[in-house]
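Here are my notes on the model you sent over, as numbered points. Have it open while you read.

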Amino acid sequence: MNADALSLDELCARSQRGDPEAESALFDSLRVRFLALAKRRVQPDHIEDVVQDALKIVFDRYRERKQGVGILVWSLTVLRNVIGNYYQNRRRERDRMEFVEEYPRDAGFTSDPLAGALDEEGRSALEDAIAELSCRFPRCGRIFHHLLKSLERGGSPNQVSGRALAAFCEEHPDVTRGGFYTALHRCRANLRAIWDQHGGEPNHE
Amino acid sequence: MSDRTTERDGCACDLLAAYELGLLDPDERRDFENHLAGCPDCQDEIYTHAPVAMALQEDPGRFARAAEPVMAGSRAGLRERLSGWLTLPWPRILAPAALVTVAVLVVVLPAVRQGSDLAPLAVVDPLPYARIEMRAGAEEPVRLFQEGMDSYIAGDYGLAADRLTRAAEIQEAWPADTGPLPAGLLDQTRIYLGVSLLLADRPGPALDPLTRAAGSPLPPLAERARWYLAQACLLTDRAEAAREALTPLVASPVFGARAQALLDQLDK
């Protein structure tokens with residue numbers, strides 16, 4: 001097997017079917033990616049620990065993740081939560097050193113690295129952000145609408161993107177698939193900006 | 001992967017959103033992941049945005065509803081700039097209440113009327129409504145208002161207009177010694193009456209309730225009333241009155257961009 005010729009999701013699919021070579025290649029690749037991200041976020045002494053913790057959770061649980069969610073996006077969510085825990089622990093430790101007995105900021109914090117993408121409050125905020133995106137950038141609203149409706153129907157990547165593009169082409173007949181992806185990327189940037197204005201995800205770092 | 005990047009902007013980063021939402025085919029995914037391995041910016045983007053991308057993939061139907069588009073207006077260019085739908089923070093201000101949010105399907109009135117030069121500029125889409133539980137003390141006006149809103153939610157704008165007209169009349173004649181009306185109820189009634197009339201293609205009668213609601217002391221209500229008043233003015237060929245309604249909205253975080261775009265169109 002030439003692992004370089006396969007995407008992470010293909011490696012993941014093969015791993016789930018019991019291919020040890022694919023599993024090894026998958027985790028080698030994830031490890032490299034995790035290290036690159038952790039190096040920019042965690043003190044050098046702790047990088048290996050954080051990456052190992054995240055990889056262990058991914059290894060134990062990747063078969064249970066919801067179908068359709070890409071392995072990289074899912075595993076980065078795990079890494080993100082592990083790094084969040086790392087920062088929470090550091091703050092707690094620092095405050096303990098300063099003889100602060102209570103740490104109310106942690107009251108609602110979950111240490112579960114598999115707690116999921118966003119909690120209900122986060123999802124409501126995301127709905128608001130998407131609604132605002134649709135209001136401020138109607139074209140982006142339509143792109144997201146077509147795309148999410150198509151995702152809801154399910155199917156292969158080509159089917160999902162094909163349906164969304166077909167719906168968008170009713171208004172913009174000249175748009176190519178590549179142009180659609182570019183427009184989607186710009187709309188994502190707009191959504192990101194609105195999301196950040198709304199406070200976005202709590203940043204543990 | 002076909003060389004889309006050179007086909008477009010020459011930047012593989014443009015495929016990031018498609019990648020994280022699972023739209024790329026296997027070869028494209030592999031190529032993008034190879035790009036990703038050497039692109040710290042894209043790595044950071046995916047890492048930071050991963051919970052949002054996951055949430056969108058896990059529950060696309062929910063977020064599709066939030067992105068419900070507005071296919072407003074009869075001219076593509078104007079539609080692009082002027083359409084949009086509203087989110088409503090104001091029921092929280094008005095109501096000591098629990099809200100049951102009602103999703104309103106976006107139905108757009110084709111805003112072209114024969115014989116009016118300004119009508120094609122108008123964009124009339126339903127104002128979303130969130131049901132408010134009112135305090136006791138003014139049962140009759142509240143009941144009439146909510147009956148009107150039931151028709152509004154059902155999309156029967158003619159009946160909604162009739163019921164809301166009656167609700168507004170009752171409230172206007174409401175004796176002070178019977179107890180106060182819920183704050184903002186009359187202005188709300190007038191706004192939804194105006195919007196119902198617009199959606200029922202009766203812009204002339206919409207002018208009066210919307211003009212009155214535009215004087216509301218509650219800024220969120222006044223802003224919404226002004227926006228729809230401007231549309232009513234456009235549909236009845238009142239350019240100056242439309243400008244007058246739109247000008248104060250330019251500073252509004254909700255309507256600012258659309259009001260400015262409409263003013264620019266009017267200036268042309």
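**Notes on the model**

1. Chain A has eight helices and zero strands, so its pattern along the sequence reads α-α-α-α-α-α-α-α (helices are DSSP runs of H or I, at least four residues; strands are runs of E, at least two; both are numbered from the N terminus). Keep in mind that this is a predicted model: local features need pLDDT of at least 70, side-chain atom pairs count only at pLDDT 80 or more, and totals for chains, interfaces and linings use all residues. Residues are numbered from 1 along each chain as its sequence is written, chains are lettered from A and ligands numbered from 1 in the order in which they are written, and side-chain values use heavy atoms, with hydrogens and water left out.

2. Now for packing in chain A. Of its 205 residues, 48% are buried (under 20% relative accessible area; exposed is over 50% and partly exposed is in between, with a 1.4 Å probe and protein chains only). Take the contacts (heavy atoms within 4.5 Å) between residues at least 6 apart in sequence: 61% of them join residues at least 24 apart.

3. The accessible surface of chain A is about 10300 Å², and carbon and sulfur atoms account for 48% of that. The areas come from the Shrake-Rupley method with a 1.4 Å probe; for residues, only the protein chains shown count as cover.

4. On to the rings. Over all chains there are nine aromatic pairs (Phe, Tyr or Trp rings, the six-membered one for Trp, with centres within 6.5 Å; planes under 30 degrees apart are stacked, over 60 edge-to-face, the rest tilted). One of them is the tilted pair of Phe180(A) and Tyr181(A), at 6.4 Å centre to centre with 45 degrees between the planes. Phe180(A) and Tyr181(A) are both buried. Over in chain B, Tyr152(B) and Tyr157(B) pair edge-to-face, at 5.5 Å and 80 degrees, and both are buried too. Back in chain A, ring pairs tie Phe27(A), Phe59(A) and Tyr62(A) into a cluster.

5. Two arginines are worth a look for charge over a ring (NZ of Lys or CZ of Arg within 6 Å of the ring centre and within 35 degrees of the ring normal). Arg80(A) lies over the face of Tyr47(B), 5.9 Å from the ring centre. Arg258(B) does likewise with Trp227(B), at 5.1 Å.

6. How many salt bridges turn up over all chains? The search finds 28 (a side-chain nitrogen of Lys or Arg within 4 Å of a carboxyl oxygen of Asp or Glu). Take Arg192(A) and Asp196(A), whose closest N and O atoms are 3.6 Å apart. Both sit in helix α8 (residues 177–197) of chain A, four residues apart, about one turn of the helix. Arg192(A) is buried at 17% relative accessibility, whereas Asp196(A) is partly exposed at 43%. Both also belong to a salt-bridge network with Arg188(A), Glu20(B) and Glu45(B).

7. Chain B has helical examples as well. Arg212(B) and Asp208(B) form a salt bridge at 3.5 Å, N to O; they are four residues apart in helix α11 (residues 203–213), about one helical turn. Arg243(B) and Glu240(B) meet at 2.7 Å, N to O, and lie three residues apart in helix α13 (residues 239–246), again about one turn. Arg243(B) is partly exposed at 22%, while Glu240(B) is exposed at 53%.
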